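Q: I should like to learn how a protein structure is read, one feature at a time. Could the lesson start with the strands?

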Amino acid sequence: RELIHGYYASTAYVDAQIGKVTSAVNRLGLAKDTIIVLWGDHGWHLGDLSIWTKHTNFEQANRIPILIIAPSVAKPGSATRQLAETVDLYPTLAELAGLPKPQVSQPIDGVSLVPVLKNPKARVRNHAFHAYPRRKLGRAIRTEHYRLVEWKNRVKPDDLAEYELYDYQSDPNETQNHAATRPKVLEKLKTIL
């Protein structure tokens with residue numbers, strides 16, 4: 001209870017600080033010309049799945065808040081289920097600021113979220129990647145419906161991989177691994193991963 005109380009207290013404190021910043025932007029008359037982006041680190045397990053902290057490949061430890069205020073682009077108070085990665089922030093901010101598309105020597109993995117800001121039902125990507133190592137490397141892909149986690153030995157990559165497949169429509173708390181019972185979904189997501 002003490003750890004959960006502390007987590008909630010720190011969240012409330014940050015929320016109050018964000019309120020001070022947005023109030024100052026409004027008070028100074030800058031709201032119509034100011035893009036505000038808030039994103040945070042991953043969430044923490046607070047005892048769910050018998051886990052504490054954030055060192056997993058489950059949704060609780062990988063989902064992050066991303067809030068974007070883009071005057072005259074995004075409708076205030078709108079929300080979307082569009083999956084995003086932090087690498088999407090750079091091309092999004094460049095486009096919002098009216099900067100030319102970056103010309104760089106290596107590809108940029110991020111995609112602009114501006115179409116989603118304009119229309120929350122629009123989609124610019126159908127999956128997001130993440131990884132977290134335990135004894136093995138856990139690479140994962142998250143779609144709106146599923147999460148696939150592939151566990152592979154980093155030292156012996158030719159060893160057989162182990163898989164976890166979670167269905168967010170039937171099991172939003174990730175309590176049942178469907179890897180053995182949904183081979184078609186498993187293969188489709190393995191190909192994307």
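A: Certainly. Strands are read in pairs, and the first matter is the sense in which they run. In this predicted model, S6 and S7 pair in the antiparallel sense over six bridges. These two strands form a hairpin with three residues between them.

Q: Which residue of S7 stands opposite Ala 140?

A: The residue opposite Ala 140 is Val 149 in S7.

Q: With which other strand does S7 pair, and in what sense?

A: S7 also pairs with strand S8, residues 162-167, in the antiparallel sense and over six bridges. One position in this pairing is Leu 148, whose bridge partner in S8 is Leu 165.

Q: How many of the seven residues of S7 are buried?

A: Burial is judged from relative accessible area, and a residue under 20% counts as buried. By this standard six of the seven residues of S7 are buried, so the strand is mostly covered.

Q: How is a helix related to the parts around it? I have Val 185 in mind.

A: One asks which residues it touches apart from its neighbours in sequence. Val 185 lies in helix H5, which spans residues 183-192. When neighbours within four places in sequence are left aside, Val 185 is in contact with Tyr 146 and Leu 165. Leu 165 is the residue already met as the bridge partner of Leu 148. Although Val 185 and Leu 165 are 20 residues apart along the chain, their C-alpha atoms are separated by 8.6 Å.

Q: Which residues of H3 are buried, and against what do they pack?

A: A general point comes first. An α-helix has 3.6 residues a turn, so residues three or four places apart point the same way. In H3 the buried residues are Leu 89, Pro 91, Thr 92, Ala 94 and Leu 96. They pack against strand S1 (36-39), S4 and H4. After H3 comes Gly 98, which has a positive phi, near 75°.

Q: How should I read the charged side chains?

A: Side chains of opposite charge can pair when their charged atoms come close. Such pairs are called salt bridges, and the count here comes to twelve. In one of them Arg 147 is joined to Glu 59, with the closest N and O atoms 2.2 Å apart. Arg 147 belongs to strand S7 (residues 146-152) and Glu 59 to helix H2 (residues 59-62), so this pair ties together parts that are 88 residues apart in sequence.

Q: Are Arg 147 and Glu 59 buried or exposed?

A: Arg 147 counts as buried, because its relative accessibility is 1%. Glu 59 is buried as well, with a relative accessible area of 13%.

Q: What is the case for Arg 125 and Asp 88?

A: Their side chains meet in a salt bridge of 2.7 Å, N to O. Arg 125 lies in the loop between helix H4 (114-118) and strand S5 (128-133), while Asp 88 lies in the loop between strand S4 (66-69) and helix H3 (89-96), so the pair ties together parts that are 37 residues apart in sequence. Arg 125 counts as buried at 14% relative accessibility, and Asp 88 counts as buried at 0%.

Q: What may be said of the salt bridge between Arg 123 and Glu 144?

A: Its closest N and O atoms are 3.8 Å apart. The pair links distant parts of the chain, with Arg 123 in the loop between H4 and S5 and Glu 144 in the loop between strand S6 (137-142) and S7, 21 residues apart. Arg 123 is partly exposed, with a relative accessible area of 40%, and Glu 144 is partly exposed at 38%.

Q: Which residues are joined into one network by salt bridges that share partners?

A: The members of the network are Glu 59, Arg 63, Arg 142, Arg 147 and Glu 174.

Q: What does the chain look like when read as a whole?

A: One lists its elements and then turns to overall values. The chain has five helices and eight strands, in the order α-β-β-β-α-β-α-α-β-β-β-β-α. Its C-alpha atoms fill a box of roughly 60 × 50 × 35 Å along the principal axes. Of its 193 residues, 31% are buried. Among contacts between residues at least 6 apart in sequence, 45% join residues at least 24 apart. The chain exposes about 13100 Å², of which carbon and sulfur atoms supply 56%.

Technical notes
Residues numbered from 1 in each chain as written. Predicted model: local features only at pLDDT ≥ 70, side-chain atom pairs only at ≥ 80, totals over all residues. Heavy atoms only, no water. Helix = DSSP H or I, 4+ residues; strand = E, 2+ residues; numbered from the N terminus. Buried < 20%, exposed > 50% of the residue type's maximum accessible area, 1.4 Å probe, protein only. Contact = heavy atoms within 4.5 Å. Areas by Shrake-Rupley, 256 points an atom, 1.4 Å probe, with all protein chains shown as cover. Salt bridge = Lys/Arg side-chain N within 4 Å of Asp/Glu carboxyl O. Pairing = 2+ DSSP bridges.
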